[in-house]
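Q: I have a protein structure open and I'd like to learn how to read it. Could you walk me through it, one feature at a time?

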Protein chains: 2
Amino acid sequence: MDPYGLRRVVSPRGALPQRADVLDPALPLGEDELALDVEALAVDAASFRQLEQAARGDPARVAAEIARIVRARGKLHNPVTGSGGMLLGRVAEVGPRHPAASALRPGDRIATLVSLTLTPLRLDRILAVHPETERVDCVGRAILFASGPWARVPADLPEALALSVLDVCGAPALAGRLLRPGQRVLVIGAGKSGALVLARARELVGAGGFLAAADRSRDALDGVRDAGLCELALEVDAADAVATLRAVEDAGGPFDLVVSCASLPGTELSALLAVRDGGTVLFFSMATSFTAAALGAEGIARDALLVVGNGYVPGHAELALDLVRRTPALRDLLARRAAATPAAPLAPAPARAGS
Amino acid sequence: MDPYGLRRVVSPRGALPQRADVLDPALPLGEDELALDVEALAVDAASFRQLEQAARGDPARVAAEIARIVRARGKLHNPVTGSGGMLLGRVAEVGPRHPAASALRPGDRIATLVSLTLTPLRLDRILAVHPETERVDCVGRAILFASGPWARVPADLPEALALSVLDVCGAPALAGRLLRPGQRVLVIGAGKSGALVLARARELVGAGGFLAAADRSRDALDGVRDAGLCELALEVDAADAVATLRAVEDAGGPFDLVVSCASLPGTELSALLAVRDGGTVLFFSMATSFTAAALGAEGIARDALLVVGNGYVPGHAELALDLVRRTPALRDLLARRAAATPAAPLAPAPARAGS
């Protein structure tokens with residue numbers, strides 16, 4: 001048994017798959033492994049933005065770079081951001097000793113809830129890149145280890161919506177553990193994880209609470225405000241700590257809980273300046289720099305609990321999907337964003353059975 | 001008033017000093033600033049190791065690189081590790097509106113408790129590099145902002161000891177908030193911050209607790225074990241997650257609290273594998289990668305609270321110094337390490353008054 005996938009690590013010796021430079025996706029399936037026919041990659045936002053910038057916005061070059069990384073590393077582990085994403089596929093084969101051996105059958109559609117940075121992956125073809133949803137349609141083969149969480153793609157939600165929610169399902173679950181009635185909460189980044197956190201906060205802070213969202217995009221802010229997910233929308237670039245400090249003062253001063261869902265780097269100090277002494281900052285942004293957070297807090301003498309956004313919380317997938325089901329405005333917002341995506345086809349899509 | 005030192009930021013616009021590429025240490029002293037005649041830099045361990053490796057262990061080249069960084073950036077902010085350290089000096093001038101205006105006089109010796117990554121600094125001369133204590137004797141001028149914590153160098157402790165304790169004084173203070181009676185605690189890295197955390201843990205876990213230290217250095221382990229600071233010493237390279245996993249199993253299984261004080265990168269997964277579900281990992285190592293911690297936990301489905309080692313906790317300096325005063329074995333251990341340093345003189349030291 002090899003629950004962490006050690007035997008797939010090519011280099012360096014003694015590393016687990018997440019830290020490995022290279023994985024081997026080609027080994028025969030292990031007894032406790034699961035093989036997936038991959039249909040789509042949901043690339044982590046920080047990783048996608050980096051790839052897009054390096055490719056100057058050209059989807060074909062983004063696709064080529066993704067193919068290059070996967071060929072070189074045996075996984076989609078962005079060497080610049082260190083982040084990955086997750087994937088959607090159909091079960092191809094279940095090892096007899098995999099924990100889901102009795103629950104899953106070949107053909108079942110599931111999403112992996114473990115980062116692509118440690119998922120052995122072979123890509124045969126990239127079909128389309130969708131910049132708005134950071135989604136990449138593709139044909140390939142992936143391996144899931146015994147320790148890797150997964151979720152069945154729900155039948156009652158549109159697939160693009162479900163996938164985009166599952167991608168960040170740890171955010172509302174972990175934020176939920178830190179939310180308390182009456183809190184003043186600031187969410188930095190009004191994208192999908194920000195919207196999910198705001199919706200969960202709306203349920204937990206109660207009538208005495210106060211929710212604010214900060215983003216540099218007016219569109220993103222309008223989305224969460226029109227959905228009733230916050231009382232205040234702060235149009236500010238969180239990489240500009242001075243501007244953020246001013247916006248926080250205008251908003252009535254520091255917050256009890258700040259949740260960073262920013263997709264761009266350099267926002268740590270803004271998060272720290274926005275929290276009160278004794279408060280908590282939850283960093284979900286994969287663009288977070290550990291040293292910038294730790295030294296930034298010390299530098300401004302801010303006595304706050306700083307929490308790393310661990311993407312795994314038991315039951316996170318069902319919690320996030322249920323949150324979307326019971327919050328129609330959130331569902332509409334996320335569905336609009338997931339559907340608004342202008343696909344960037346790279347090659348004719350293969351004919352589907354029945355179409 | 002400019003409590004965060006915004007006016008000293010040369011670039012980029014809107015950044016605070018910690019995130020700035022370049023600071024200006026040459027501006028006239030602000031009304032709420034404090035100027036220091038610098039005597040020594042206590043370089044952050046992760047930064048010093050990186051500088052040392054790049055210089056192939058040559059202290060003169062370490063000194064040259066430090067001088068180059070400070071000349072280029074106006075601060076000792078290691079561009080590779082993102083970390084700094086702290087410094088020791090005498091008060092040269094106190095602005096009339098600095099919070100310490102009535103407490104400090106020119107000539108008083110203080111240590112800054114704010115990172116060198118945001119401390120405006122000019123270096124006139126580097127006198128000696130001490131690799132064992134990561135200390136650099138020098139002549140220069142530094143600026144402390146109104147928000148920057150500092151501590152008087154205590155008269156009852158040897159200076160090298162006091163400085164080395166103040167450098168990491170946030171570690172035992174923050175760990176103290178997470179320690180509970182009866183816990184099983186693992187400290188990764190048996191250097192000075194590891195020893196301080198173990199000593200604080202010894203006080204707080206009580207007779208029902210269990211303390212283990214992991215390090216790849218037998219000497220470092222012998223030090224903390226001989227000082228009675230732990231029950232178990234695990235000689236293992238924490239960058240080797242597989243070896244660490246095995247060591248943890250041999251030690252009786254996962255821990256309630258894992259504190260990472262490692263000075264080398266790549267130890268995040270070992271920390272995560274060593275903690276139990278529902279436990280806490282406190283990352284003090286400046287070599288910690290945010291994505292490796294967040295995605296590593298997700299990758300092995302570990303439901304643990306991951307805390308960033310915020311270097312500021314109110315009262316941390318006195319707490320750490322008092323811990324050393326009341327723990328003779330810890331004091332001896334740290335004093336031995338601080339004194340054992342073979343200095344690497346770079347130039348004849350200037351004559352001191354009276355010598």
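Q: How many residues does the contact take from chain A and from chain B?

A: Some ground rules come with it. This is a predicted model, where local features need pLDDT of at least 70 and side-chain atom pairs count only at pLDDT 80 or more, while totals for chains, interfaces and linings use all residues. Residues are numbered from 1 along each chain as its sequence is written, chains are lettered from A and ligands numbered from 1 in the order in which they are written, and side-chain values use heavy atoms, with hydrogens and water left out. Contact means heavy atoms within 4.5 Å. Here, 56 residues come from chain A and 56 residues from chain B.

Q: What area do chain A and chain B bury between them?

A: The size of an interface is often given as the accessible area lost when the parts come together. Buried area is what two parts lose on being put together, summed over both, using a 1.4 Å probe. For chain A and chain B that is about 4600 Å², with 67% of it on carbon and sulfur atoms. On the chain A side, Phe290(A), Glu298(A) and Val308(A) lose the most area to chain B, together 16% of what that side buries.

Q: How many polar contacts and salt bridges are there between the two chains?

A: A polar contact is a pair of N or O atoms within 3.5 Å; within protein, one must be able to donate a hydrogen and the other to accept it, and residues adjacent in sequence count only if both atoms are side-chain atoms. A salt bridge is a side-chain nitrogen of Lys or Arg within 4 Å of a carboxyl oxygen of Asp or Glu. Between chain A and chain B you get 2 salt bridges. One salt bridge joins Arg177(A) to Asp303(B), at 2.9 Å from N to O. The interface also has 12 residue pairs in polar contact, both residues at pLDDT 80 or more.

Q: Which helices and strands of chain A supply residues to that side?

A: Helices (H or I, at least four residues) and strands (E, at least two) are DSSP runs, numbered from the N terminus. On the side of chain A that touches chain B, α7 (241-250), α8 (268-274), α9 (290-299) and β14 (305-308) each supply at least two residues. The biggest giver is α9(A), with 10 residues. By type, that side of chain A divides into 32 nonpolar, 18 polar and 6 charged residues. In that scheme Ala, Val, Leu, Ile, Met, Phe, Trp, Tyr, Cys and Pro count as nonpolar, Asp, Glu, Lys and Arg as charged, and the others, Gly among them, as polar.

Q: Now a single helix: which residues of α10 in chain A are buried?

A: Buried means under 20% relative accessible area, exposed over 50%, and partly exposed in between (1.4 Å probe, protein chains only). In α10 (residues 316-326) of chain A, the buried ones are His316(A), Ala317(A), Ala320(A), Leu321(A), Leu323(A) and Val324(A). Looking down the axis of α10(A), they fall within an arc of 155°, so they line one face of the helix. That arc is taken from the directions from the helix axis to the C-beta atoms. The buried residues of α10(A) pack against β8 (150-152), α3 (159-167), α4 (170-178), α5 (192-205) and α11 (328-339) of chain A.

Q: Why is α4 of chain A described as largely enclosed?

A: Count its buried residues: 8 of the 9 residues of α4(A) are buried, so the rest of the structure largely encloses it. Those buried residues pack against α5, β12 (255-260), β13 (275-283), β14 and α10 of chain A.

Q: Is Ser193(A) buried or exposed?

A: Ser193(A), in helix α5 of chain A, counts as buried, at 14% relative accessibility. Leaving aside neighbours within four places in sequence, Ser193(A) is in contact with Val168(A), Ala171(A) and Cys261(A).

Q: Where do Arg68(A) and Glu65(A) lie?

A: An α-helix has 3.6 residues a turn, so residues three or four places apart point the same way. Arg68(A) and Glu65(A) both lie in helix α2 (residues 59-73) of chain A, 3 residues apart, about one turn of the helix. Their salt bridge has its closest N and O atoms 2.9 Å apart. Arg68(A) is partly exposed at 39%, and Glu65(A) is partly exposed at 28%.

Q: Which parts does the salt bridge of Glu203(B) and Arg326(B) tie together?

A: The closest N and O atoms of Glu203(B) and Arg326(B) are 2.6 Å apart. Glu203(B) lies in helix α5 (residues 192-205) of chain B and Arg326(B) in helix α10 (residues 316-326) of chain B, so the pair ties together parts 123 residues apart in sequence.
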